[in-house]
Structures are given as structure tokens and as C-alpha cells.
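User: I would like to go through this protein with a few short questions. Please keep the answers plain.

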Amino acid sequence: MKIRTALFFFTLSLLLTACGAGQPGQTVRAGGVALTVKTDPAPLQVGRTAEISAVLEGAEGCLVSFRQYMPGMEMSSDQLFHTMTRQSPGEYHAISGQFSMGGDWQLEFQLHCDDEKHSLTFPYTLEWPE
């Protein structure tokens with residue numbers, strides 16, 4: 001019975017690791033606020049969309065939006081910001097567009113909090129699939 005229990009927890013830990021559980025997000029701070037962003041999948045993958053989760057600290061009642069783009073290869077559609085859905089106080093969620101190619105990408109977030117506006121950028125490098 002002990003072997004079964006140990007095998008169960010070993011298998012569970014492998015599955016959680018494969019799903020990205022516990023994978024830390026990136027945090028950027030500006031003007032007294034901090035935004036932590038996680039993606040699923042993590043790391044981001046070429047040809048896929050991603051679930052984006054953002055946790056905001058230091059401000060309340062904000063409108064949070066984002067855009068994704070490749071620096072130096074921006075298209076007119078890259079200028080569009082997408083509003084994130086507020087899940088609970090300080091927690092936001094959205095689905096990205098498709099990441100069409102490997103290389104350097106950025107997720108830029110705009111925070112509109114009362115009279116304050118913040119812009120925070122998160123860099124990502126996507127590997128081409130082999």
C-alpha cells in the first residue's frame with residue numbers, strides 16, 4: 001500500500017509539473033503598483049493562443065487592457081488593446097491572439113486606475129517548434 005501511495009504522489013507531481021503548476025509569473029512595478037502576469041501555456045508557444053492571468057497590487061478598481069506585438073515588426077492591428085475581464089479584486093483574465101512566429105514578443109498592459117494611467121511591458125521569447 002505504501003508503494004501505491006508513493007507512486008500516486010510521484011505521478012501527481014509529474015503531472016502538475018507538466019501542466020506548469022507553480023510556475024512563477026513575471027512581475028513589473030511602476031508608480032506604486034505591481035502587476036504579475038502568468039501565461040498558460042508557459043512558456044508561450046508558436047501557433048497557439050494563451051490564457052493570460054494578471055494580478056494587480058497597489059491599486060483598486062482599475063481597467064486593465066493588453067496588446068501583444070513583436071518589437072520592430074509591428075502591424076496596425078498590434079496597436080489594438082484588449083480589455084481583460086476582472087475575476088475578483090485585483091485579478092484579471094484574457095485570451096491572447098495567436099503567436100504567429102518565433103522570436104521576441106512583448107505583452108504591454110495599460111492600467112487605468114482613477115486618475116492614474118500606467119503602462120507595463122513584459123518581454124517573452126518564443127522558440128520555433130522543431
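User: Is Thr 39 buried or exposed?
Analyst: This is a predicted model. The relative accessibility of Thr 39 is 12%, and the cut-off for buried is under 20%. Thr 39 therefore counts as buried.

User: Which residue has its backbone oxygen 3.0 Å from a polar atom of the side chain of Thr 39?
Analyst: Thr 39 lies in strand E2. Leaving out residues up to four places away in sequence, Thr 39 touches Leu 44, Glu 51, Ile 52, Leu 107 and Tyr 124. The backbone oxygen at 3.0 Å from its side-chain polar atom belongs to Pro 41.

User: Is Ser 65 buried or exposed?
Analyst: Ser 65 is part of strand E4. Apart from neighbours within four places in sequence, its contacts are Phe 81, His 82, Thr 83, Met 84, Glu 108, Phe 109 and Gln 110. Because its relative accessibility is 8% and the limit is under 20%, Ser 65 counts as buried.

User: Which strand gives the most residues to the largest nonpolar core?
Analyst: That core has 27 residues. Strands E2, E3, E4, E7, E8 and E9 each supply at least two of them. With 5 residues, the strand that gives the most is E8.

User: Which residues in the largest nonpolar core touch the most other members?
Analyst: Leu 56 is one of them. Setting aside neighbours within four places in sequence, Leu 56 is in contact with Val 33, Ala 34, Leu 35, Cys 62, Gly 90, Tyr 92 and Leu 111. The full list is Leu 35, Val 37, Leu 56, Met 84, Phe 109 and Leu 111.

Note on methods:
Residues are numbered from 1 along each chain as its sequence is written. This is a predicted model: local features need pLDDT of at least 70, side-chain atom pairs count only at pLDDT 80 or more; totals for chains, interfaces and linings use all residues. Side-chain values use heavy atoms; hydrogens and water are left out. A nonpolar core is a set of buried Ala, Val, Leu, Ile, Met, Phe, Trp, Tyr and Cys residues joined through side-chain atoms within 4.5 Å. Buried means under 20% relative accessible area, exposed over 50%, partly exposed in between (1.4 Å probe, protein chains only). Helices (H or I, at least four residues) and strands (E, at least two) are DSSP runs, numbered from the N terminus. Contact means heavy atoms within 4.5 Å. A polar contact is a pair of N or O atoms within 3.5 Å; within protein, one must be able to donate a hydrogen and the other to accept it, and residues adjacent in sequence count only if both atoms are side-chain atoms.
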